[in-house]
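Subject: Structure handover

Hello,

Here is the structure you were expecting, with notes on what turned up in it. Please look it over before reading on.

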Amino acid sequence: MSAILQATALGKRYGDEWALRDCSFELPAGRVAALVGPNGAGKTTLLHLAVGLLAPTSGHIELFGSPPRQDRAVLERVGFVAQDTPLYHGFKVEEMLTLGRRLNRRWDGRWAEDRLRGLGIPLGKRVGALSGGQRAQVALALALAKRPELLLLDEPVASLDPLARREFLQALMDAVAETGISVVLSSHLIADLERVCDFLVLLIASEVRLSGDIEELVAAHKVLIGPRRSTIGIPGVEAVVQASHAERQTTLLARTSEPVYDPAWTVQDVDLEELVLAYMGQPALSARPMPAGPAEANG
Amino acid sequence: MIEFHLDTRSGVAPYLQIARQVQQALRMGTLQADDQLPTVREVVGKLAINPNTVLKAYRELEREGLVAGRPGQGTFVVGTPAGPPPGAYTRLRGGLVRWLRDAHAAGLDDESIVAFVTTTLRDSAEESAA
């Protein structure tokens, strides 16, 4: 099986609220994936389902082809860093490493120590006395010392200043180059992750709106500018993501299946941020009229 | 050895930016045959980008016959890009300067000239693709 993480019609409900619904995607091995969505879109819920901290209400999630809550052994192959990099602030860095060694069967403490020394982080210092950036590096080193094949990071750079953010992503990409590990990073800002990720899972209002190889997604989407007219049946256009009409002009962000040659349209490339924002501006799938069956009124 | 830099606002895919910087360095003579390109880890550690981006750029350069991987050592320059002969730029520039004078005389400002060139380039690319 080539998918390292696979969700099929995955849903999680808290009381009456769906935190995640009908979520399907496949993450191929060897990718660095951005899990992007506004706050409250269900990113943390999805990551917690992936590592078996939560049980799905509906559907399935599989790691390396196994459901994480039934097959606990699969969790040895996964590293997870929760939001705000929780560590014991009273512990020294070296004590955190000892804890990691005792809690994990697979553990490469020497590698983690070398890594932290290389970053100039004193092992004898208490975690609480480190800077935010250093704490994030310690959490990353601990997660990598487990030698996982897949690393999941929940909003790893949200609380870091720009320099610490860059240093963190440098350390992470160095680990990817060294070990070939697959990574999922969540963020509410795509700009943070644009340079490091090659795969996108876009989560909006509890639904996966878009997923796939970033370069392919960017290449398939275009901005079309032309005289005001109907947006239906433009040759080459597969779906209109966003349309705005001025008195005489229509501007579209569309997913194309082939080049648009109609000279009435000026065709422009999009960047990833524009693309993500256009999808974020769409109404939720569950709020749109459904062709068959009753639509749920839940937003 | 050269160092890469990325312009995130340029809209050009990062792997293309890296490939173009190597091509440019070859044209300028900053890189020559047998020179080694930075390793993937060196580039990634400096720019904080996805290693696949660097690999893709190097594969593209390999496909063009400009560089080749040596197992266990790294990626090395083997060729130079087939560009126009040195005199070509001077000759083309002369024609372009005359054309620009014409365009200004016809009332086009710099912005409309750039827009005109861009659309004409695209149209001619589409014509040859169609």
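The largest nonpolar core has 83 residues. Those with the most contacts inside this core are Leu151(A), Leu172(A), Val183(A), Leu185(A), Leu200(A), Ile18(B) and Tyr58(B). Among the elements, helix α4 of chain A (residues 132-145) gives the most to this core, namely 9 residues. A second core lies apart from it and has 29 residues, including Ala7(A), Cys23(A), Ala50(A) and Leu54(A). Please keep in mind throughout that this is a predicted model.

In soluble globular proteins, nonpolar side chains tend to be buried together.

One of the core residues can be followed further. Not counting neighbours within four places in sequence, Leu200(A) is in contact with Ala34(A), Val36(A), Ile190(A), Leu210(A), Ser211(A), Gly212(A), Ile214(A), Leu217(A), Leu272(A) and Val276(A).

Chain A as a whole

Chain A has 7 helices and 13 strands. Its C-alpha atoms fill a box of roughly 70 × 40 × 35 Å along the principal axes. Of the 299 residues in chain A, 49% are buried. Taking the contacts in chain A between residues at least 6 apart in sequence, 66% join residues at least 24 apart.

Chain B as a whole

Chain B is divided into domain 1, residues 14-77, and domain 2, residues 86-129. The C-alpha centres of these two domains of chain B are 32 Å apart.

Pockets

The largest pocket has a volume of about 960 Å³. Its lining has 35 residues, and Glu215(A), Val218(A), Val12(B), Ala13(B) and Pro14(B) are the ones nearest its centre. Four helices each supply at least two residues of this lining: α6 (214-220) and α7 (272-280) from chain A, and α1 (14-28) and α3 (51-63) from chain B. By class, the lining of the largest pocket is made up of 13 nonpolar, 7 polar and 15 charged residues.

The second largest pocket holds about 800 Å³ of space. It is lined by 25 residues, and nearest its centre lie Phe80(A), Leu103(A), Asn104(A), Ala143(A) and Lys146(A). The elements giving two or more residues to this lining are β5 (78-81), α2 (93-103) and α4 of chain A. That α4 is the helix that gives the most to the largest nonpolar core. By class, the lining of the second largest pocket has 17 nonpolar, 4 polar and 4 charged residues.

Cavity

How many cavities of 30 Å³ or more does a search of the whole structure find? The search finds 1. About 70 Å³ of space lies in this cavity. Its lining consists of Leu5(A), Phe25(A), Leu27(A), Ala33(A), Leu35(A), Leu46(A), Leu47(A), Ala50(A), Ile61(A), Val184(A) and Val201(A). Two or more lining residues come from each of β2 (17-28), β3 (32-36) and α1 (43-50) of chain A, and α1(A) provides the largest share, with 3 residues. By class, the lining of the cavity has 11 nonpolar residues, no polar ones and no charged ones. Ala50(A), one of the lining residues, also belongs to the core of 29 residues.

Regards

Note on methods:
Residues are numbered from 1 along each chain as its sequence is written. Chains are lettered from A and ligands numbered from 1 in the order in which they are written. This is a predicted model: local features need pLDDT of at least 70, side-chain atom pairs count only at pLDDT 80 or more; totals for chains, interfaces and linings use all residues. Side-chain values use heavy atoms; hydrogens and water are left out. Domain bounds come from an automatic or database domain assignment. A nonpolar core is a set of buried Ala, Val, Leu, Ile, Met, Phe, Trp, Tyr and Cys residues joined through side-chain atoms within 4.5 Å. Buried means under 20% relative accessible area, exposed over 50%, partly exposed in between (1.4 Å probe, protein chains only). Contact means heavy atoms within 4.5 Å. On a 1 Å grid over the protein atoms alone, a cavity is a set of points where a 1.4 Å probe fits but cannot get out, and a pocket is an open set with protein on both sides within 12 Å along at least five of seven lines; lining residues have an atom within 4 Å of a point. Grid points are joined across faces, edges and corners, and a volume is the space filled by probe spheres set on the points. Ala, Val, Leu, Ile, Met, Phe, Trp, Tyr, Cys and Pro count as nonpolar, Asp, Glu, Lys and Arg as charged, and the others, Gly among them, as polar.
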